[in-house]
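Here are some exercises to work through with the model open beside you. Try each task before reading its solution.

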Amino acid sequence: MDTTTLIWIIVGIAIVLVIVVVALLVTARGRRTRRLEHQHERAERLRADARETDLAAREHEAQAARAQADAAAATAAAEAAKARAAEASIDAERRSGAIDDHRDEAAELRTRQAETLRKADDVDPYVDDAARPAEGAPTAGDDTASARDLDARDADAVRAQEGRLPADADDETRPGAAPTRSEHP
């Protein structure tokens, strides 16, 4: 082989190497640009995932806060219900005590009334011993209805003794008695 050929081969190889190097430089810039774009896209996906995760975390925090508020409201409602129940219990006890006091006062007043009626009968000269209730017989303190019956009988006995009404008169023969329905036309 001669030298000229050898020189041309070396020059050809050098030109091919220069072309390869230039091609590599040109494509390296493109590859670097694509790699940077790929990294940027990956970073944007990570940021989007982070935003979605943040949004989901805030939603869960809001749900937790809502649940905590609901629990606090339920606790407050339960405490209010307990307070109302305690107040109602106290009111019921107070009223029960008042009922017992009223019953005791009513019994005391009935006893006083019966005693006053006995004293009135003792003082009244027109009341005979037959009109007085027998020992152990129901008195005015036993029942309000029986007290009214005793008062009516005592009044009839007093009228009978004064001569205004016979003792054995029935309701229709009493003076001023209301007529029965059968008497009206």
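**Exercise 1. Find the residues that form a positive surface patch, and place Arg 34 within the fold.**

Step 1. Arg 29, Arg 31, Arg 32, Arg 34 and Arg 35 form this positive patch. The model is a predicted one, in which local features need pLDDT of at least 70 and side-chain atom pairs count only at pLDDT 80 or more, while totals for chains, interfaces and linings use all residues. Residues are numbered from 1 along each chain as its sequence is written, and side-chain values use heavy atoms, with hydrogens and water left out.

Step 2. Check the rule for patches: members have over 30% relative accessible area and no salt bridge, with like charges joined within 9 Å and nonpolar side chains (Val, Leu, Ile, Met, Phe, Trp, Tyr) within 5 Å. Lys and Arg count as positive and Asp and Glu as negative, leaving out His and the chain ends. The place of a charge is NZ of Lys, CZ of Arg, CG of Asp or CD of Glu.

Step 3. Arg 34 belongs to helix H1, residues 3-123. Helices (H or I, at least four residues) and strands (E, at least two) are DSSP runs numbered from the N terminus.

Step 4. Arg 34 has a relative accessible area of 54%, so it is exposed. The classes are buried under 20%, exposed over 50% and partly exposed in between (1.4 Å probe, protein chains only).

**Exercise 2. Describe the protein chain as a whole: its secondary structure, its buried share and its exposed area.**

Step 1. Count the elements: the chain has two helices and zero strands.

Step 2. Of its 185 residues, 6% are buried.

Step 3. About 15300 Å² of the chain is exposed, and carbon and sulfur atoms supply 58% of that area. Accessible areas come from the Shrake-Rupley method with a 1.4 Å probe; for residues, only the protein chains shown count as cover.

Step 4. Turn to contacts (heavy atoms within 4.5 Å). Among those between residues at least 6 apart in sequence, 41% join residues at least 24 apart.

**Exercise 3. Which residues form a nonpolar patch on the surface?**

Step 1. Ile 7, Trp 8, Val 11, Ile 15 and Ile 19 do, with about 530 Å² of accessible area together.

Step 2. Take Ile 19 as the example: it sits in helix H1. Ile 19 counts as exposed because its relative accessible area is 54%.

**Exercise 4. How many salt bridges does a search of the whole structure find?**

Step 1. The search gives seven. A salt bridge is a side-chain nitrogen of Lys or Arg within 4 Å of a carboxyl oxygen of Asp or Glu.

Step 2. Glu 44 pairs with Arg 47, their closest N and O atoms being 2.9 Å apart. Both lie in helix H1, three residues apart, about one turn of the helix. Glu 44 is partly exposed at 33% relative accessible area, and Arg 47 is partly exposed at 43%.

Step 3. Arg 58 pairs with Asp 54, with 3.2 Å between the closest N and O atoms. These two are four residues apart in helix H1, about one turn.

Step 4. Asp 91 bridges to Arg 94, the closest N and O atoms being 3.7 Å apart. They are three residues apart in helix H1, so about one helical turn separates them. Salt bridges with shared partners join Asp 91, Arg 94 and Arg 95 into one network.

**Exercise 5. Which residues gather in a patch of negative charge on the surface?**

Step 1. They are Asp 100, Asp 101, Asp 104 and Glu 105.

Step 2. Asp 100 is in helix H1. With 38% relative accessibility, Asp 100 counts as partly exposed.
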